[in-house]
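Here are some short exercises on helix packing, ring pairs and backbone geometry. Have a look at the structure, try each task, and then follow the solution step by step.

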Amino acid sequence: MTSQLFTHDVQHTLDIAGIFVFALSGGLLAVRKNLDILGIAMLAEVTALGGGVLRDLVIGAVPPAAFTDAGYFSTPLAAAVVVFFLHPEVERINWTVQSLDALGLGLFAVTGTAKAHDYGLGAVASVALGVATAVGGGVIRDVLANEVPSLLRWDREIYAVPALAAAVLVAVLIAAHALGPATGTAAALVAFVLRMLALRYGWRAPRAWHRIGSRTSGE
């Protein structure tokens, strides 16, 4: 299977690490929204697992991996506990969290695209589900927190674009029969580098050409 880029133990460890970091970002948003412990746990869970669950439901991989692996489901709860007690400390290392989040973004975009391909989807659909795997949890998190999803806001650095770049690279590698541990890692690192550069230089996706400014546009 193309989605099994590494040994099972390595893949599982990387998945758990990515889930934990994604869950931290969901828990921190819950704290900023002044939610209680249940709200923190819920946003941590959906941020970490929402994209993967959506992908698995679309491709028919049921029940989703998030509900068949205790580690996947319990890791966001552990992150929620960390945020509940140590959120000031977690906020202080926010740059580190964002850096790890960028790594998780690339990893999930790569594995999500490859898994969709394994279930018989074409290149375009696989790319779409790869991006959904990487960013879908964040969209659900923002909707539940009554916010415009971060990846749709012009005043936020690009997030979905790096995931899209990695997913497209994976689709090309699959078509060329060249996807493996090294090339898959390289694709994930492309997303990581793009995301970090976006954070460093404030890169944003372009808006409509010759758009008319308004009082609500923030300009």
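**Exercise 1: the contact of α1 with α5**

In this predicted model, Gln-11, Leu-14, Asp-15, Gly-18, Ile-19, Val-21, Phe-22, Leu-24 and Ser-25 of α1 meet Val-97, Leu-100, Asp-101, Gly-104, Leu-105, Leu-107, Phe-108 and Thr-111 of α5. Sort the residues of this contact by class, then describe how α1 and α5 pack.

*Solution.* Start with the classes: the contact of α1 with α5 holds 10 nonpolar, 5 polar and 2 charged residues. Next comes the geometry, for which two packed helices are described by the angle between their axes and the distance between the axes. For α1 and α5 the angle is about 130 degrees and the axes are 9 Å apart. That makes α1 oblique to α5. Finally, the hand: α1 and α5 cross in a left-handed manner.

**Exercise 2: two more partners of α1**

Work out the packing of α1 (residues 8-32) against α2 (residues 37-59), and then against α6 (residues 123-144).

*Solution.* Take α2 to begin with. Its axis lies 7 Å from that of α1, at an angle of about 140 degrees. Because roughly antiparallel requires an angle over 145 degrees, α1 is oblique to α2. The crossing of α1 with α2 is right-handed. On the α1 side, the contact includes Ile-19, Phe-22 and Leu-29, and on the α2 side it includes Ile-40, Leu-43 and Thr-47. Sorted by class, this contact has 11 nonpolar, 5 polar and no charged residues.

Now turn to α6. Here the axes of α1 and α6 come within 11 Å and cross at roughly 15 degrees. With angles under 35 degrees counting as roughly parallel, α1 and α6 are therefore roughly parallel to each other. The crossing of α1 and α6 is right-handed. Phe-22, Ser-25, Gly-26 and Leu-29 of α1 touch Ala-134, Arg-141 and Asp-142 of α6. The contact of α1 with α6 has 3 nonpolar, 2 polar and 2 charged residues.

**Exercise 3: aromatic pairs**

How many aromatic pairs are there? Describe the pair of Phe-22 and Phe-108, and then the pair of Phe-67 and Phe-73.

*Solution.* The count comes to 4 aromatic pairs. In one of them, the rings of Phe-22 and Phe-108 are 5.2 Å apart, centre to centre, with 85 degrees between the planes, an edge-to-face arrangement. Phe-22 belongs to α1 and Phe-108 to α5 (residues 94-118), so this pair ties together parts that are 86 residues apart in sequence. Both Phe-22 and Phe-108 are buried.

For Phe-67 and Phe-73, the centres are 5.9 Å apart and the planes are at 40 degrees, so the pair is tilted. Phe-67 counts as exposed, at 55% relative accessibility, while Phe-73 is partly exposed at 37%.

**Exercise 4: backbone details in loops**

Where do Asn-34 and His-177 lie, and is the peptide bond from Val-62 to Pro-63 cis or trans?

*Solution.* Recall that most residues other than glycine have a negative phi, and most peptide bonds are trans. Asn-34 sits in the loop between α1 and α2 and has a positive phi of about 65 degrees. With a relative accessible area of 70%, Asn-34 is exposed. His-177 is in the loop between α7 and α8, with a positive phi of about 55 degrees. At 78% relative accessibility, His-177 counts as exposed. As for the peptide bond from Val-62 to Pro-63, it is cis, with omega near -5 degrees. Pro-63 is in the loop between α2 and α3.

Methods:
Residues numbered from 1 in each chain as written. Predicted model: local features only at pLDDT ≥ 70, side-chain atom pairs only at ≥ 80, totals over all residues. Heavy atoms only, no water. Axes fitted to C-alpha atoms, helices over the stretch in contact; angles between N-to-C directions. Helix = DSSP H or I, 4+ residues; strand = E, 2+ residues; numbered from the N terminus. Parallel < 35°, antiparallel > 145°, perpendicular 65-115°, else oblique. Left-handed = near helix turned anticlockwise from the far one by under 90°. Contact = heavy atoms within 4.5 Å. Nonpolar A, V, L, I, M, F, W, Y, C, P; charged D, E, K, R; others polar. Phe/Tyr/Trp six-rings, centres within 6.5 Å; stacked < 30°, edge-to-face > 60°. Buried < 20%, exposed > 50% of the residue type's maximum accessible area, 1.4 Å probe, protein only.
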